[in-house]
Amino acid sequence: MTSAKPEVTPEGVDLIRVIADPLRFRIVTLLARETLCTTHLVEETGARQTNLSNHLRVLREAGVVETEPCGRYTYYRLRPDVLTALAGSFAELAETARTTIETDRKRACP
């Protein structure tokens with residue numbers, strides 16, 4: 001019985017693209033430290049509110065952040081489980097690469 005090859009799923013690839021944007025990565029970094037509203041994020045990033053809202057929508061649709069209404073403000077919170085799952089995929093790939101190196105596994109050329 002062969003074990004399944006670890007891989008980053010298509011969903012994971014999409015998530016990498018979502019987080020790879022510099023402003024979205026900054027937002028994720030800020031939200032890792034505390035739950036913030038749009039006003040706070042505008043102050044921290046210097047981005048325009050409409051631009052920031054578009055990026056937050058992308059993060060929300062990707063499942064990276066969740067919202068919490070609070071009066072007339074909306075707070076954003078990072079969903080660490082999503083990042084943990086993605087990190088786990090990379091950890092599995094790294095372990096596979098270590099095993100490949102340690103066993104000097106390579107395919108013979110034809």
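## A walk around Arg 24 and the helices beside it

Select Arg 24 to begin: setting aside neighbours within four places in sequence, Arg 24 is in contact with Arg 17, Val 18, Ile 19, His 55, Val 58 and Leu 59 (contact means heavy atoms within 4.5 Å). What you have open is a predicted model, in which local features need pLDDT of at least 70, side-chain atom pairs count only at pLDDT 80 or more, and totals for chains, interfaces and linings use all residues. Residues are numbered from 1 along each chain as its sequence is written, and side-chain values use heavy atoms, with hydrogens and water left out.

Stay on Arg 24 for a moment. Arg 24 lies in helix 2 (helices are DSSP runs of H or I with at least four residues, strands are runs of E with at least two, and both are numbered from the N terminus). Is Arg 24 buried or exposed? Arg 24 is buried, at a relative accessible area of 13% (buried is under 20%, exposed over 50%, partly exposed in between, using a 1.4 Å probe and protein chains only).

Now add Leu 52, which is 28 residues from Arg 24 in sequence and 8.6 Å from it in space, C-alpha to C-alpha. Then add Asn 54, found in helix 4. Asn 54 and Arg 24 are 30 residues apart in sequence, and their C-alpha atoms are 10.0 Å apart. Asn 54 is partly exposed, with a relative accessible area of 41%.

**Zoom out to the whole chain**

Colour by secondary structure and you should find 5 helices and 3 strands. Along the sequence they run α-α-β-α-α-β-β-α. Of the chain's 110 residues, 26% count as buried. Among contacts with a separation of 6 or more, 52% are between residues 24 or more positions apart.

**Helix 2 against helix 4**

Select residues 22-33 for helix 2 and 49-61 for helix 4: the two axes come within 10 Å and cross at roughly 75° (axes are lines fitted to C-alpha atoms, for helices over the stretch in contact, with angles from 0 to 180 degrees between N-to-C directions). That makes helix 2 roughly perpendicular to helix 4 (65 to 115 degrees counts as roughly perpendicular, under 35 as roughly parallel, over 145 as roughly antiparallel, and the rest as oblique). Show side chains for Leu 23, Arg 24, Ile 27 and Val 28 on helix 2, and for Asn 51, Leu 52, His 55, Leu 56, Val 58 and Leu 59 on helix 4; these make the contact. By class, the contact of helix 2 with helix 4 has 7 nonpolar, 2 polar and 1 charged residues (Ala, Val, Leu, Ile, Met, Phe, Trp, Tyr, Cys and Pro are nonpolar, Asp, Glu, Lys and Arg are charged, and the others, Gly among them, are polar).

**Bring in helix 3**

Select residues 38-45. Helix 3 packs on helix 4 at about 110°, with the axes 10 Å apart. That makes helix 3 roughly perpendicular to helix 4. Which residues meet here? Thr 38, Leu 41, Val 42 and Thr 45 in helix 3 meet Gln 49, Leu 52, Ser 53 and Leu 56 in helix 4. The residues of this contact divide into 4 nonpolar, 4 polar and no charged.

Turn to the other pairing: the axes of helix 2 and helix 3 come within 11 Å and cross at roughly 120°. Leu 23, Arg 26, Ile 27, Leu 30 and Leu 31 in helix 2 meet Leu 41, Glu 44 and Thr 45 in helix 3. That contact divides into 5 nonpolar, 1 polar and 2 charged.

**On to Gly 63**

Select Gly 63, in the loop between helix 4 and strand 2 (65-70). Gly 63 is buried, with a relative accessible area of 15%. Leaving aside neighbours within four places in sequence, Gly 63 is in contact with Arg 79 and Val 82. Its C-alpha atom is 7.2 Å from that of Val 82, 19 residues away along the chain.

**The cysteines**

How many disulfides does a search of the whole structure find? The search finds 0 (a disulfide is a pair of cysteine sulfur atoms within 2.5 Å). Select Cys 70 and Cys 37: the sulfur of Cys 37 is the closest cysteine sulfur to that of Cys 70, but at 8.9 Å it is too far for a bond. Cys 70 counts as partly exposed, at 39% relative accessibility, while Cys 109 counts as exposed, at 71%.

**Last stop: Asp 104**

Finish in the segment after helix 5 (80-102), where Asp 104 lies. Most residues other than glycine have a negative phi. Asp 104 has a positive one, near 50°. Asp 104 is exposed, with a relative accessible area of 54%.
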